[in-house]
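Subject: Structure handover

Hi,

Here is the structure I promised to pass on. Have a look at it first, and then read on for what I found in it.

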Amino acid sequence: MSPLTSSRDLREKKAQYEKSGVLEYVLVDPLENHAIRFLLTNDGYDKGMVFACDELLVFERLDGLQVPLWEVFELPPPEPATVSGE
């Protein structure tokens, strides 16, 4: 997604892909360092799920393929979660 095409990506392209039956539509925003994944349902695309730059982007329709977004955005990996009680 680029600033010049973001509204087109979110409206026109999304509607076109939905009409064509594309099962999963992902928009990656390199300026805001996040991705939005839309899944096709019987009623059209869902509201979308936002994935932050320190999360794994999960492609539900591709057998759960996971893409580390920090690698996409060329950022350092997130710190491991601290287990409480240690």
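Asn33 is partly exposed, with a relative accessible area of 25%; a residue has to be over 50% to count as exposed and under 20% to count as buried, so Asn33 falls in between. Bear in mind throughout that this is a predicted model. Asn33 sits in the loop between β1 and β2, and its phi is positive, near 55°, even though the residue is something other than glycine. That is worth a glance because most residues other than glycine have a negative phi. The loop belongs to the hairpin of β1 and β2, which has four residues between the strands.

Asp63 tells a similar kind of story. Its phi is positive too, at about 55°, and Asp63 is not a glycine either. You'll find Asp63 in the loop between β5 (56–59) and β6 (65–68). Is Asp63 buried or exposed? With a relative accessibility of 82%, Asp63 counts as exposed.

Now for the strands. β1 (residues 24–29) and β2 run antiparallel and are joined by six bridges. If you want one pair to click on, take Val26, whose bridge partner in β2 is Arg37. On to β4 (residues 49–52), which is also antiparallel to β2, with four bridges between them; here Ala35 has Phe51 as its bridge partner in β4. Then there is β3 (residues 44–45), paired with β2 in the antiparallel sense over two bridges. Thr41 is bridged to Gly44 of β3, and β2 and β3 make a hairpin with two residues between them. So how covered is β2 (residues 34–41)? Mostly: seven of its eight residues are buried.

Phe51 deserves a closer look. This residue lies in strand β4 and counts as buried, with 6% relative accessibility. What does Phe51 touch, once neighbours within four places in sequence are left aside? Its contacts are His34, Ala35, Arg37, Leu56, Leu57, Val58 and Leu69. For a sense of distance, the C-alpha atoms of Phe51 and Glu71 are 13 Å apart in space, with their positions 20 residues apart in sequence.

Next, the aromatics. There are four aromatic pairs in the model. In one of them, Tyr17 and Tyr25, the ring centres are 5.1 Å apart and the planes are at 65°; that angle is over 60 degrees, so the pair is edge-to-face. The two partners differ in how covered they are: Tyr17 is partly exposed, at 31% relative accessibility, whereas Tyr25 is buried, at 7%. Ring pairs also link Tyr17 and Tyr25 with Phe38 and Tyr45 into a cluster. Phe38 has another neighbour to check, since Lys14 lies over the face of its ring, at 4.3 Å from the ring centre.

That brings us to helix α1. Which span should its 15 residues (residues 6–20) have at 1.5 Å a residue? The expected figure is 21 Å, and the end C-alpha atoms are 20 Å apart, so the two agree. The helix does bend, by about 30° at Lys13. Just after α1 comes Gly21, with a positive phi of about 85°.

Finally, two prolines. Pro3 is in the segment before α1 and is exposed, with a relative accessible area of 62%. Pro3 and Leu31 are 28 residues apart along the chain, and their C-alpha atoms are separated by 8.5 Å. Pro76 lies in the segment after α2 (69–72). Pro76 is exposed as well, with a relative accessible area of 66%. From Pro76 to Cys53 the C-alpha distance is 9.8 Å, and the two are 23 residues apart in sequence.

If you only have a minute, I'd start with the non-glycine residues of positive phi, Asn33 and Asp63, then go to the ring cluster of Tyr17, Tyr25, Phe38 and Tyr45.

Cheers

Technical notes: Residues are numbered from 1 along each chain as its sequence is written. This is a predicted model: local features need pLDDT of at least 70, side-chain atom pairs count only at pLDDT 80 or more; totals for chains, interfaces and linings use all residues. Side-chain values use heavy atoms; hydrogens and water are left out. Rings of Phe, Tyr and Trp (its six-membered ring) pair if their centres lie within 6.5 Å; planes under 30 degrees apart count as stacked, over 60 as edge-to-face and the rest as tilted. Buried means under 20% relative accessible area, exposed over 50%, partly exposed in between (1.4 Å probe, protein chains only). A charge sits over a ring if NZ of Lys or CZ of Arg is within 6 Å of the ring centre and within 35 degrees of the ring normal. The expected span of a helix is 1.5 Å times one less than its number of residues. The bend at a residue is the angle between axes fitted to the seven residues ending there and the seven starting there. Two strands pair if DSSP finds at least two bridges between them. Contact means heavy atoms within 4.5 Å.
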